[in-house]
Amino acid sequence: MINNTKNKVIIDHSHHIIYIILLFGLLIISIFLTSPSNTPSFFPLQLSLFNPSKQINERVYYKDDLERALMGASTENKAVIITIVNKAYVEGDKAMLDLFLDGFWHGEGTRELVNHLLIVAMDQTSYERCKFLHLHCYKLETDGVDFGGEKLFMSQDFIKMMWRRTLFLSDVLKRGYNFIFTESISKLVLKPNHRDLQISTDKFNGSQENPINTGFYMIKSNTKTIALLDAWYAGKDKAIGWKEQDVLIKLMKDGMFKHLELSVKFLDTLYFSGFCDDSKDVNVVATVHANCCRSISAKLADLIVVLHDWIRFKSANQTSTLYGWTQHVNCWDSWKN
């Protein structure tokens with residue numbers, strides 16, 4: 001979630017599973033940069049809310065490990081940043097998770113947000129890596145399914161992983177937690193706001209039926225949003241061969257958002273840029289999402305370039321709207337194989 005005057009983020013939200021936040025085969029990586037003072041306050045987030053006044057000596061009883069993890073990472077008003085990862089996102093000379101965390105370091109005013117990041121690990125390797133980094137970690141158990149390796153876009157394992165993610169996030173919502181989900185992460189803090197759902201788009205057209213992308217969204221916990229996720233997950237068995245994003249798009253087009261009277265904000269790619277549709281003005285970009293990309297290696301390569309572009313732009317104190325992003329050649333080429 002991004003908001004305020006100093007919060008820019010680069011996010012890799014493609015459907016690979018890191019992202020969401022996520023770090024599976026889905027690729028979800030967000031790198032926090034900073035957002036200019038004239039950037040609209042899209043998210044109900046404020047850094048001040050990320051300073052929960054939890055009593056260190058207060059004894060708390062948790063009903064399960066997930067509740068313990070959520071309480072440990074959330075703000076006092078139950079807001080949390082969630083990202084999901086697996087083995088493919090924590091291994092290699094430069095792992096996707098490491099790049100994701102670099103975003104918090106290079107961003108302006110974003111370092112403390114790591115305290116409110118919950119990394120959901122889909123396998124033992126990624127869980128152990130998370131614990132080694134001393135982050136808030138939760139291991140998502142799925143009997144009889146191996147979510148450890150890279151899951152290529154639209155493969156059967158990829159689709160299964162996306163639906164498992166949706167079910168997990170529905171559980172979080174039902175526990176009363178507001179969250180930002182990103183295939184890797186972003187800046188977020190939740191404070192009272194009338195929007196039930198704020199969601200990224202592959203290409204912003206200004207209508208009420210934008211091509212949404214479930215790699216990055218912020219959602220409040222209430223009866224309407226819980227009903228939405230229930231209906232979303234219920235569509236799994238009727239949509240053979242569809243990824244979970246396709247089902248949510250169909251629900252939107254069939255009028256589900258209106259039926260539930262949801263207040264929805266579609267995020268403009270001018271501010272929430274992506275590889276599908278690069279923002280034309282670097283000055284106002286809050287996040288960059290590595291969508292329209294097939295493999296983790298391609299996403300990682302192009303996200304590293306994006307981070308370097310951002311560091312170069314920031315150090316040069318650029319203000320020109322002519323300054324642009326380096327072309328995402330690795331992601332483009334990933335579709336040729």
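Biologist: Why is H134 called exposed?

Modeller: In this predicted model, H134 has a relative accessibility of 73%, and because exposed is used for values over 50%, H134 counts as exposed. The residue is found in the loop between helix 3 and strand 7 (136–139).

Biologist: What makes the backbone of H134 worth a remark?

Modeller: H134 takes a positive phi of about 60° although it is not a glycine, and its place is just after helix 3. Most residues other than glycine have a negative phi. K78 is another case, with a positive phi of about 65° although it is not a glycine, and K78 lies in the loop between helix 1 (65–73) and strand 5.

Biologist: Is K78 buried, exposed or partly exposed, and how do you know that?

Modeller: The relative accessible area of K78 is 31%, and since buried requires a value under 20% and exposed a value over 50%, K78 is partly exposed.

Biologist: Which label does E91 receive, and why?

Modeller: E91 has 43% relative accessibility, which falls between the 20% and 50% limits, so the label is partly exposed. This residue lies in the loop between strand 5 (79–85) and helix 2 (96–106). The C-alpha atoms of E91 and R129 are 9.0 Å apart in space, with the two positions 38 residues apart in sequence numbering.

Biologist: What about V114, and why is it given its label?

Modeller: V114 has a relative accessible area of 22%, and because the buried class takes values under 20%, V114 is partly exposed. V114 is in the loop between helix 2 and strand 6 (117–121), and its C-alpha atom is separated by 7.7 Å from that of L135, 21 residues apart along the chain.

Biologist: Why is L267 called buried?

Modeller: The relative accessibility of L267 is 0%, and as buried means under 20%, L267 counts as buried. L267 lies in the loop between strand 11 (264–266) and strand 12 (272–274). Its C-alpha atom is 4.9 Å from that of S200, although 67 residues separate the two along the chain.

Biologist: How do you know that N178 is buried, and what does its side chain reach?

Modeller: With a relative accessible area of 12%, N178 meets the limit of under 20% and is therefore buried. N178 is found in strand 8 (residues 178–182), and its side chain reaches the backbone oxygen of N77 at 3.5 Å.

Biologist: What does the side chain of D123 reach at the start of helix 3?

Modeller: At the start of helix 3 (residues 124–132), a side-chain oxygen of D123 comes to within 3.2 Å of the backbone nitrogen of T125. Because a polar contact is a pair of N or O atoms within 3.5 Å, this pair of atoms satisfies the distance limit.

Biologist: How many aromatic pairs are there, and why is the pair of F100 and F104 called edge-to-face?

Modeller: A search of the whole structure finds seven aromatic pairs. The rings of F100 and F104 have their centres 5.3 Å apart, which lies within the 6.5 Å limit for a pair, and their planes stand at 90°, over the 60 degrees needed, so the pair is edge-to-face. Both residues lie in helix 2, four residues apart, about one turn of the helix, and both are buried. Elsewhere, ring pairs link F179, F181 and Y217 into a cluster.

Biologist: Which residues have the most contacts inside the largest nonpolar core?

Modeller: That core has 43 residues, and those with the most contacts inside it are I82, F168, F179, Y217, L228 and F257. Helix 4 (residues 156–174) gives the most to this core, with eight residues. Apart from it lies another core, of 32 residues, among them Y89, L97, L303 and W310. In soluble globular proteins, nonpolar side chains tend to be buried together.

Biologist: What makes the lining of the second largest cavity nonpolar?

Modeller: The lining consists of L197, I199, Y217, I219, L228, L229, W232 and L248. Because Leu, Ile, Tyr and Trp count as nonpolar, the residues divide into eight nonpolar, no polar and no charged. Helix 5 gives the most to this lining, with three residues, while strand 9 (197–201), strand 10 (212–219) and helix 5 (223–234) each supply at least two. About 40 Å³ of space lies in this cavity.

Technical notes: Residues are numbered from 1 along each chain as its sequence is written. This is a predicted model: local features need pLDDT of at least 70, side-chain atom pairs count only at pLDDT 80 or more; totals for chains, interfaces and linings use all residues. Side-chain values use heavy atoms; hydrogens and water are left out. On a 1 Å grid over the protein atoms alone, a cavity is a set of points where a 1.4 Å probe fits but cannot get out, and a pocket is an open set with protein on both sides within 12 Å along at least five of seven lines; lining residues have an atom within 4 Å of a point. Grid points are joined across faces, edges and corners, and a volume is the space filled by probe spheres set on the points. Buried means under 20% relative accessible area, exposed over 50%, partly exposed in between (1.4 Å probe, protein chains only). A polar contact is a pair of N or O atoms within 3.5 Å; within protein, one must be able to donate a hydrogen and the other to accept it, and residues adjacent in sequence count only if both atoms are side-chain atoms. A nonpolar core is a set of buried Ala, Val, Leu, Ile, Met, Phe, Trp, Tyr and Cys residues joined through side-chain atoms within 4.5 Å. Rings of Phe, Tyr and Trp (its six-membered ring) pair if their centres lie within 6.5 Å; planes under 30 degrees apart count as stacked, over 60 as edge-to-face and the rest as tilted.
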